[in-house]
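Open the model in a viewer and keep the selection tool to hand. The stops below are given in the order in which to select them.

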Amino acid sequence: MSDAAVLIDVAFPLPLKNTFKYKAPGDMSGSAVFGKRVIAPLGKKLLTGFIVGVSQPTDPNFASTCNYEIKEVVSIPEDPPFFTEQLWRFISWAADYYFVPVGTALKSLLPPGATKKSKRWVFLAQNVGSDTCEQRQETDSLPSVLLKKGRMLEKDLISRIGESALKDCIKRGLLTTQDYLEIPRTMDQRGRSKKPIRTLSKQNGSYDPALWPELTPCQVAATNTISAAIESGGFQPFLLYGVTGSGKTEVYIRAIAKTLEKDKDVLVLVPEIALTPQTVRVFLDRFEGGVALFHSGLTPAQRLQEWRRIKERQVRIAVAARSGIFLPIDSLGLIIVDEEHDPSYKQEDGFPYNARDLALVRGMLDAACVILGSATPSFETFENARRGKITRIDLPERYHAGQMPRVEIVDLKDSKRIGDRKGFLTPLLLSHIQETLDRREQALLFLNRRGFDTFVQCKSCGFIFRCPNCDISLTHHKSKQQLRCHLCGYSQFAPPLCPKCASAAMSFHGIGTQKVEEELKKLFPTSRIERLDRDAAHNQEDLVAILERFRNHEIDILTGTQMIVKGHDFARISLVGVLYGDASLHFPDFRAAERTFQVLTQVSGRAGRDRRLSSVLFQTFDTEHPVIRYAARQAYEEFFEYECEVRRELAYPPFGHLILIRLEGNSETKVEQAAIRLGSVGRMLKAPLGGLTILGPAPSPRKKAGGKYRWQVLLKGTTRENLRRLVQQLRDAGHLNQPGVKVTIDVDPIEMM
DNA sequence: AGCACGCCGACT
DNA sequence: GTCGGCGTGCTC
Ligand SMILES: [Zn+2]
Ligand SMILES: [Zn+2]
């Protein structure tokens, strides 16, 4: 029986939307197991693929009934399956939902080194080498390595003598080429000998639940509800809505313990930036079995090691950044998404997915509980809770009885010197900085640079232009003297005078963090001042290094562009200043207010926790903005209600769904034409579907990277189904393949610049 | 992703 | 006349 050949479906980790059928000959049929790796010919190459279907050839004539020749796989390496049918179903669902080829999505399931590509070698023809003078001359130009060994890698030869010379040699029969794929070492052999990367060890805390801290009544109630769900098994989603400092982590810990007790494993997702040793230690200190740590900062060898520890169940808790949603936890009982509102759960390039949303899908497929935790839930999650799709659990009390956080609002309209570069260094801010330095404490200053080159604000009254259709701020296109909405394409002339107060001071172009840093250095010459932004920290290493020095108090004032304090304990920070809050409040995005509320809450939450952090300064022209009022009172729900009015009216999420189609290319006219065409075709197709709106096309306000021009078309729908159907129709009719234009689809977009 | 096939511009 | 650019379409 085992001698009979079997038919297998193979998926390749390439942008291919189909899987491929192969025969596994009799001697391999025993190894033809779901999820295993195969070496198979595809086109002219030998590639590594993965078995995603095994069928007995009940119909021996299958080969003759299908319209292509079924090839045989070359080999099935000995290593165990890379994924289960369950995980494959999950990734297939995700590929379909996000409109990416299944092969692209497959890549995110695989550990580093799982795939090998064949390499092409060049060989010296048999008859070459006899010492004819004529041949001498011909082979003179070839590298000596090739002449000596008789072979070399094609790409090495091309880099030496060029492609045309190679072709010439082949034509004259001097050289031949052949593809080779070295049979990969099994995953079992790879990296086994490596010492564990684990340098973290238990510090304090106990493995014994009896010695864990006592819970508050609210924590007890939350724990009971979640434990009951874990006990009964099956998919159950929760929103753990707890104010900062209410002790969500302690509830996570109990839920994890309960899950382990049921012999199930746990995935904890944490925003990339918060995945620090301190975060991991929280779990390491409580669970004897240890935790796996998975994020993009690991080396390939480390990623493989952690992947394998999880796959082999050597460790039963994985703490991971967003890509961890694809980890091979085969008996998954619980997924925790901490700070679920954090935008870093959204992957923006290649395979754009949202790990928080996928956590719910995976929980459903794996029959696991899912806890989404946040003090400021994303509106999508909060609305899901209101509709009863997610069970809401509140933690209203503060765990540490600290004083209420205090945020001081500084009115930038009062600043007379806003025109010069000292504008954002208001007298109040400077006096706070001075006091901080006098106490030998640290200050963290945020200046969102992204705000400056996008929208235009009156320097004297704070007026901002908004789109009449989309309720987002307009972006400035300097060259055309135009203000544009980057969602719907609305445009108007950029007037030289403020429409509200007639001031001529209408823009903030050219003020950046560098200048603030320079100015601070002049004002506080003896202090150690550094900048943390993309220019100062090119890579993760630089970032970590700067944060580490800040932590060690080798820096007094750190200026930065984003909230980089998450997950770090900076004990000596006593001042946090948001220099230009309008950059966040009026960022051209319908989620600007939601984001600002999150940031304000997060910063002031720290003020309550760290006793030293005495001041949070938020400088803005718009001191009366509702976000500020609500955030000051920590009134999330009122803010939600307020903000939802606009969302409902304009059918933005969570009351509508979005799919963004991006177009980019080297030719300005080609991209523009394609975008216009896509917009009009979309408008024709949407009518019979109903409930759909098409915004745009509009040129992207983003700086064109690498000379590329970008346009976008935003599809908005009251139901997901019709929205998806529209994209399918556009795709199937070929409107997403336009010459010279790369089209990408972003489902549930977050970043829409 | 590769790779081949195929159709128009500037070269021997 | 060809060499070579890349747009298009396929790979079991
Ligand atoms: Zn004004
Ligand atoms: Zn608009």
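UniProt annotations may be inferred rather than shown by experiment, and their positions are given here in the numbering of this structure. The coordinates themselves are a predicted model.

**Stop 1: an annotated domain.** Select residues 229-395, which an unreviewed UniProt entry lists as "domain: Helicase ATP-binding". Colour the range by secondary structure: 35% of it is helix and 22% is strand. Then pick the C-alpha atoms at the two ends of the range, which are 18 Å apart.

**Stop 2: four cysteines.** Select Cys458, Cys461, Cys498 and Cys501, where UniProt places the feature "binding site", again from an unreviewed entry. These positions are spread over 44 residues of sequence, yet they cluster in space, with a largest C-alpha distance of 8.5 Å.

Centre on Cys458, in the loop that runs between strand S17 (442-446) and strand S18 (475-477). Is Cys458 buried or exposed? Its relative accessible area is 0%, so Cys458 counts as buried. Show what surrounds it: beyond residues up to four places away in sequence, Cys458 touches Phe463, Cys498, Cys501, Ser503, Ala505, Met506 and Phe621.

Move to Cys501, located in the loop between strand S20 (491-493) and helix H16 (513-523). With a relative accessible area of 35%, Cys501 is partly exposed, because the partly exposed class lies between 20% and 50%. Setting aside neighbours within four places in sequence, the contacts of Cys501 are Cys458, Ser460 and Cys461.

**Stop 3: a lysine without a partner.** Select Lys716 in strand S27 (residues 709-717). This lysine is buried but forms no salt bridge. Which side chain of opposite charge is nearest to Lys716? It is Glu649, at 9.9 Å, whereas a salt bridge would need a distance within 4 Å. Draw a distance instead from the side chain of Lys716 to the backbone oxygen of Leu650, which it reaches at 2.6 Å. Leu650 is also among the residues that Lys716 touches, not counting those up to four places away in sequence; the others are Ala651, Tyr652, His657, Leu658, Gly691, Leu692, Thr693, Leu695 and Leu723.

**Stop 4: DNA strand B.** Show DNA strand B with the residues around it: Leu14, Pro15, Leu16, Lys45 and Lys117. Of the strand B atoms within 4 Å of the protein, 64% belong to sugar or phosphate, and the rest belong to bases. Zoom in on Lys45, where a polar side-chain atom lies 2.8 Å from a phosphate oxygen of DNA strand B.

**Stop 5: DNA strand C.** Switch to DNA strand C and select its surroundings: Leu16, Phe20, Lys21, Tyr22, Pro41, Leu42, Gly43, Tyr68, Glu69, Ile70, Lys71 and Pro739. Here sugar and phosphate make up 58% of the strand C atoms that come within 4 Å of the protein.

Which strands each supply at least two residues of this surface near DNA strand C? They are strand S2 (20-24) and strand S3 (37-42). The largest share, three residues, comes from S2.

Three distances are worth drawing here:

- Lys21: a backbone N or O atom lies 2.6 Å from a base oxygen of DNA strand C.
- Tyr68: an N or O atom in the side chain is 3.1 Å from a base oxygen of DNA strand C.
- Lys71: an N or O atom in the side chain is 2.4 Å from a phosphate oxygen of DNA strand C.

Conventions. Residues are numbered from 1 along each chain as its sequence is written. Chains are lettered from A and ligands numbered from 1 in the order in which they are written. This is a predicted model: local features need pLDDT of at least 70, side-chain atom pairs count only at pLDDT 80 or more; totals for chains, interfaces and linings use all residues. Side-chain values use heavy atoms; hydrogens and water are left out. Helices (H or I, at least four residues) and strands (E, at least two) are DSSP runs, numbered from the N terminus. Buried means under 20% relative accessible area, exposed over 50%, partly exposed in between (1.4 Å probe, protein chains only). Lys and Arg count as positive and Asp and Glu as negative; His and the chain ends are not counted. A polar contact is a pair of N or O atoms within 3.5 Å; within protein, one must be able to donate a hydrogen and the other to accept it, and residues adjacent in sequence count only if both atoms are side-chain atoms. Contact means heavy atoms within 4.5 Å. A residue is near a molecule or strand if one of its heavy atoms lies within 4 Å of it.
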